[in-house]
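Visitor: I've got a model open and I'd like to know what stands behind the labels people put on it. Can you take me through a few?

Guide: Sure, let's bring it up and go through them one at a time.

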Amino acid sequence: MLTVFYGLLIPFAGTSLGAACVFFMRGALRDGVQRSLTGFAAGVMVAASVWSLLLPAMDQAAEQGEPAFLPAAAGFWLGIFFLLALDHLVPHLHQKSERAEGPASRLRRTTMLTLAVTLHNIPEGMAVGAAYAGMLAGGAHISAAGALALSVGIAIQNFPEGAIVSMPLRAEGMSRPSAFFGGVLSGAVEPVGAAVTVLAASRIVPALPYLLSFAAGAMIYVVVEELIPEASQGEHSHAGVLSFAAGFTAMMCLDTALG
């Protein structure tokens with residue numbers, strides 16, 4: 001169980017290390033750098049959704065005697081609708097946007113910036129939790145190395161995300177410790193979501209294919225709704241596309257090599 005415990009914390013450590021950049025860097029991240037980091041994160045999440053979540057979900061469903069595509073499709077759409085609901089229920093503000101989304105709120109701009117990243121960290125935590133639940137349940141073709149690969153992959157893309165949160169908070173006028181805490185706080189939801197997913201899967205093993213594909217759908221929603229538009233904002237550049245390809249390749253290789 002210690003392996004699972006540490007595995008669930010690895011993505012959170014990646015966010016925290018990225019948020020610590022606020023102590024060593026001055027000013028906000030340059031647009032080109034931010035687009036590249038966002039594109040890389042999107043590539044990692046898409047590859048993780050396919051190799052670490054949807055394919056194991058289909059394998060598990062087939063072993064349970066169900067049509068392989070059914071739980072994957074159903075869970076995927078549940079994940080999409082779950083994030084769509086959160087988008088409408090939680091006030092938040094995306095980077096470089098002047099208009100907040102969700103219900104009307106008097107929350108400060110810095111708080112809503114943090115909430116925006118927190119929202120898309122939820123499916124990442126669930127994805128890691130679902131992978132470790134699959135490892136514990138067996139039969140989902142997810143090995144300890146495969147679950148670790150996903151956890152490390154999410155941590156790698158969380159590192160720039162931590163900086164993407166803390167640096168703008170600093171630019172908004174927060175002190176360095178407060179900006180660091182905001183970045184850390186945005187990732188705190190990941191181990192919580194991962195732990196809840198592991199517990200849910202341990203009690204309802206037949207639901208594992210749905211949980212795996214649910215996390216995949218939620219992550220794809222975040223990529224299409226938020227990360228890809230942010231990676232394409234501003235002056236035309238291929239940086240976001242090339243970084244997406246790099247992130248996708250890195251996660252695909254990590255999962256297939258270790259999984």
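Visitor: What makes the side chain of Asn158 and the side chain of Glu190 a polar contact?

Guide: This is a predicted model, so read every value as computed from it. The side chains of Asn158 and Glu190 make a polar contact at 2.9 Å. The cut-off for a pair of N or O atoms is 3.5 Å, so 2.9 Å qualifies.

Visitor: Which backbone oxygen lies 3.1 Å from a polar atom of the Asn158 side chain?

Guide: That's the backbone oxygen of Pro11. Asn158 also touches Pro11 in the wider contact list, along with Gly14, Thr15, Asn121, Glu124 and Glu190, leaving out residues up to four places away in sequence.

Visitor: Why is Asn158 called buried?

Guide: Its relative accessible area is 0%. Buried means under 20%, so Asn158 is buried. As for its place, Asn158 sits in helix α5.

Visitor: How do you know whether Glu190 is buried or exposed?

Guide: Same kind of test. Glu190 has a relative accessible area of 2%. That falls under the 20% limit, so Glu190 counts as buried. Glu190 belongs to helix α7. Not counting residues up to four places away in sequence, Glu190 touches Pro11, Phe12, Thr15, Asn121, Glu124, Gly125, Ile154 and Asn158.

Visitor: What about Pro160, buried or exposed?

Guide: Buried: Pro160 comes in at 7% relative accessible area, and the limit is 20%. Pro160 is in helix α5 too. The C-alpha atoms of Pro160 and Ser175 are separated by 20 Å, with their places 15 residues apart along the chain.

Visitor: Why does Ala145 count as partly exposed?

Guide: Ala145 has 29% relative accessibility. Partly exposed runs between 20% and 50%, so Ala145 lands in that class. Ala145 is in helix α5. From C-alpha to C-alpha, Ala145 and Gly18 are 24 Å apart in space, and 127 residues apart in sequence.

Visitor: What puts Glu66 in the partly exposed class?

Guide: A value of 23% for relative accessibility. That is not under 20% and not over 50%, so Glu66 is partly exposed. Glu66 is found in the loop between α2 and α3.

Visitor: Which side chain joins the side chain of Glu66 in a polar contact of 3.3 Å?

Guide: Tyr210 does. With the limit at 3.5 Å, a distance of 3.3 Å passes, so the pair gets the name. Leaving aside neighbours within four places in sequence, Glu66 is in contact with Ala61, Pro71 and Tyr210.

Visitor: How do you know where Met252 falls, buried or exposed?

Guide: Neither, as it turns out: Met252 counts as partly exposed at 25% relative accessibility. Met252 is in helix α9, residues 239–258. Beyond its neighbours within four places in sequence, Met252 is in contact with Ala47 and Trp51.

Visitor: Let's go to the helices. What crossing angle do the axes of α4 and α5 make?

Guide: Helix α4 (residues 109–137) and helix α5 (residues 144–171) have axes that come within 10 Å and cross at roughly 175°. Angles over 145 degrees count as roughly antiparallel, so α4 is roughly antiparallel to α5.

Visitor: How do the residues of that contact divide?

Guide: Into 14 nonpolar, seven polar and two charged. On the α4 side they include Leu113, Asn121, Glu124 and Tyr132, and on the α5 side Leu150, Ile154, Asn158 and Glu161.

Visitor: Which residues have the most contacts inside the largest nonpolar core?

Guide: Leu8, Leu53, Tyr132, Leu150, Leu212, Met219 and Leu227, in a core of 48 residues. The elements giving two or more residues to this core are α1 (2–19), α2 (31–63), α3 (69–89), α4, α5, α7 (189–203) and α8 (208–232). The most come from α8, with 13 residues.

Visitor: And what does Leu227 contact?

Guide: Thr38, Ala41, Ala42, Met45, His120 and Val222 are in contact with Leu227, leaving aside its neighbours within four places in sequence. Apart from the largest core lies another, of 11 residues, among them Val22, Met112, Ala163 and Leu169.

How values were computed. Residues numbered from 1 in each chain as written. Predicted model: local features only at pLDDT ≥ 70, side-chain atom pairs only at ≥ 80, totals over all residues. Heavy atoms only, no water. Axes fitted to C-alpha atoms, helices over the stretch in contact; angles between N-to-C directions. Helix = DSSP H or I, 4+ residues; strand = E, 2+ residues; numbered from the N terminus. Parallel < 35°, antiparallel > 145°, perpendicular 65-115°, else oblique. Contact = heavy atoms within 4.5 Å. Nonpolar A, V, L, I, M, F, W, Y, C, P; charged D, E, K, R; others polar. Core = buried A, V, L, I, M, F, W, Y, C linked by side-chain atoms within 4.5 Å. Buried < 20%, exposed > 50% of the residue type's maximum accessible area, 1.4 Å probe, protein only. Polar contact = N/O pair within 3.5 Å; in protein donor to acceptor, adjacent residues only side chain to side chain.
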